[in-house]
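Dear colleague,

Please find below the sequence and the structure that I am handing over to you. I would be grateful if you could read the notes that follow with the structure open.

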Amino acid sequence: MDPAVQPKTGNKQYLRCTPRSHLFEQNSEGHRSNVLLHALSKWAKGEAAPTNLAKGRGICVNSHFDSGNIEVLDISQAQARGVSHELNLRIHADPYCESDETAHFMWFYFRVTGAKGEELHINLTNAGEGSFPVAWPGYQACATYDRKYWFRVPTTYDKETGVLSWKHTPEHDAVRYAYFAPYTYEQHQSLIADCQSKPGVTLEMLGQTLDGHDMDLLRIGDADDSNKKKVWVIARQHPGESMAEWFMEGFLQRLLDRHDPVSRKALQQAVFYIVPNMNPDGTWRGHLRTNAAGANLNREWDNPTLERSPEVYYVRNHMDLVGCDFLADIHGDEEIEYNFLAGNEGIPAWDDRLKGLQDEFCQAFLHTSPDFQLGNGYGADPPGQANLAICSGGVGQRYNCLAFTLEMPFKDTHYAREPVQNWSPERSVRFGAAMLNAILAVIPTLR
Ligand SMILES: [Zn+2]
C-alpha cells in the first residue's frame with residue numbers, strides 16, 4: 001500500500017475497554033475492531049449490555065486524538081500479581097522510511113479513563129523494537145491530568161524482554177501518558193494564530209502537505225530592507241520531538257515581545273523566517289520521525305520532491321527566494337542527556353569564517369543559558385564527510401552560512417536534573433527564549 005494514500009485515521013485507536021472479551025473481535029484483516037458501539041446499540045434495544053459499561057466502570061485506553069498513538073493488546077485484571085490492572089500496549093509504527101530502512105516508532109500518547117485510585121501496570125511491549133532502544137534506560141514516562149502540567153512517573157526498561165513499564169495510581173478519572181509533553185497540531189494552530197496577529201508579523205502559507213495541512217511560515221520584520229540579515233529558525237522535522245515546538249513557542253514569545261531589548265535590537269538588523277512545525281502530518285498522526293509518506297524530512301534537503309517531501313520542497317524554495325544567512329534547526333534527541341549543538345564541521349564550505357561564527361554563537365549561548373553546554377553531543381563530522389541531505393549541512397553548504405542542528409533531551413540534562421518533570425515544556429520554552437541572545441551576538445557578522 002502506498003503510504004502516501006493511507007487514510008488519516010490509519011493509526012488512530014478507538015475506545016479500548018476491559019474486559020476485552022466483551023468488546024473486541026478480530027476483523028477480516030486480523031486487526032481488532034471496536035465493537036463497543038455495536039454493544040451499546042444492542043444495549044439500547046434492550047439486549048444484554050456489557051456489564052462493566054452498564055456500571056460505568058472499567059479501564060479504557062484511547063489514542064483517537066491529535067498526536068495520539070497506541071495500540072491495545074489487552075487490559076486485564078491481574079490481582080494475582082499484586083497489581084489491579086495490567087495494560088499491555090504497543091506503539092504504532094510510522095510508515096516505512098526508505099532512507100532509514102525501517103518503520104520508526106517510539107512516540108506514544110494515549111489517555112486512560114476509569115483510572116482514579118486504580119493501580120495501573122502499563123507495559124509498552126514493543127519498546128525494545130523501537131528506533132532507538134538504547135535510549136530507554138533512564139527514561140521516565142510523562143503524565144498529565146489537565147493537559148497543561150506534565151510530570152514523570154517512575155519507569156523501568158527490561159533489556160531482556162524489550163518492555164518499557166510503569167506502575168501508576170492516578171489521582172483523577174483520566175490520565176494521559178506520552179513520550180514527551182505533546183505539542184499537538186491544534187496547539188500549533190493556536191501558536192500560529194497568536195503570532196500572526198502581532199504587529200510586524202506576516203503569515204505566509206507556502207503550500208500543503210500530503211495530508212492537506214498548511215505549511216505555515218511566519219515572517220517577522222521588514223523584508224524590504226536588503227541590508228537586513230535573513231535569519232531562519234525551523235523546528236520539528238521529526239514530529240515526535242515535540243520539545244522542539246515548545247522551544248519555538250518560547251523563542252517566538254520573546255521575539256514578539258516589543259518590550260524586550262534583545263528582540264528590538266535583533267529586529268533592527270534582521271528579518272526572521274520561522275517555521276515552527278516542519279511536519280504537521282506527522283504531528284497529527286502521532287509519528288516519531290516521518291511525514292505521511294514515510295519520509296525522514298531531515299534526509300530530504302538535497303533533493304526534496306512534491307511527492308515525497310513537499311514540506312522541505314516548499315521551505316527550501318522559499319529560502320532560495322529570500323536568501324539565508326543563518327539557520328537553526330531544532331530537534332530532540334532520544335538518548336543523549338544534554339542540550340547540544342551539532343555543527344557543520346563536515347561540509348565542504350567549512351572555513352575559518354564559519355568556524356568563528358559557530359564558536360561565537362556557542363559562547364553567547366553558554367553565557368545566556370546554563371541549560372546549554374559544549375562537549376557532550378554527536379561530535380564533529382570529519383572534513384568533507386557531512387551528509388548534505390540533512391538540513392543543517394545542506395543549507396550551510398547551499399548558502400555558505402552559519403547553520404546547525406540544536407538538540408534537547410527527552411530525558412533530562414545530565415548536569416542539572418529536575419526530579420519531578422525532568423526536561424519539560426517549561427524548560428524548553430525558556431531555552432528557546434534564551435537562544436535569541438546568541439543569535440543577536442552573531443547577527444552583525446553573519447555576512
Ligand atoms: Zn530530530
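The notes below concern a metal site and the backbone of two residues. Please bear in mind that the model is predicted.

The zinc site

The zinc ion is held by His238 and His331, each through ND1, and by Glu241, which appears twice among the donors through OE. The coordination distances run from 2.1 to 2.4 Å. The geometry of the site is irregular, with angles of 57 to 149° among the four donor atoms. A tetrahedral assignment would require all angles to lie between 85 and 135 degrees. Along the sequence, the donor residues follow the spacing H-x2-E-x89-H. His238 belongs to the loop between β16 (229–235) and α5 (243–255), whereas His331 is part of strand β18 (residues 326–333), so the pair ties together parts that are 93 residues apart in sequence. Both His238 and His331 are buried.

Two positive phi values

Most residues other than glycine have a negative phi. Arg236, which is not a glycine, has a positive phi near 65°. Arg236 sits in the loop between β16 and α5, and is buried, with a relative accessible area of 1%.

Asn400 is likewise not a glycine and has a positive phi, of about 50°. Asn400 is located in the loop between α10 (391–399) and β20 (402–409). With a relative accessibility of 35%, Asn400 is classed as partly exposed, whereas Arg236 is buried.

Yours sincerely

Notes
Residues numbered from 1 in each chain as written. Predicted model: local features only at pLDDT ≥ 70, side-chain atom pairs only at ≥ 80, totals over all residues. Heavy atoms only, no water. Donors = N, O, S within 2.8 Å, 3.2 Å for Na, K, Ca; no water. Tetrahedral: all angles 85-135°; square planar, octahedral: opposite > 155°, others 65-115°. Helix = DSSP H or I, 4+ residues; strand = E, 2+ residues; numbered from the N terminus. Buried < 20%, exposed > 50% of the residue type's maximum accessible area, 1.4 Å probe, protein only.
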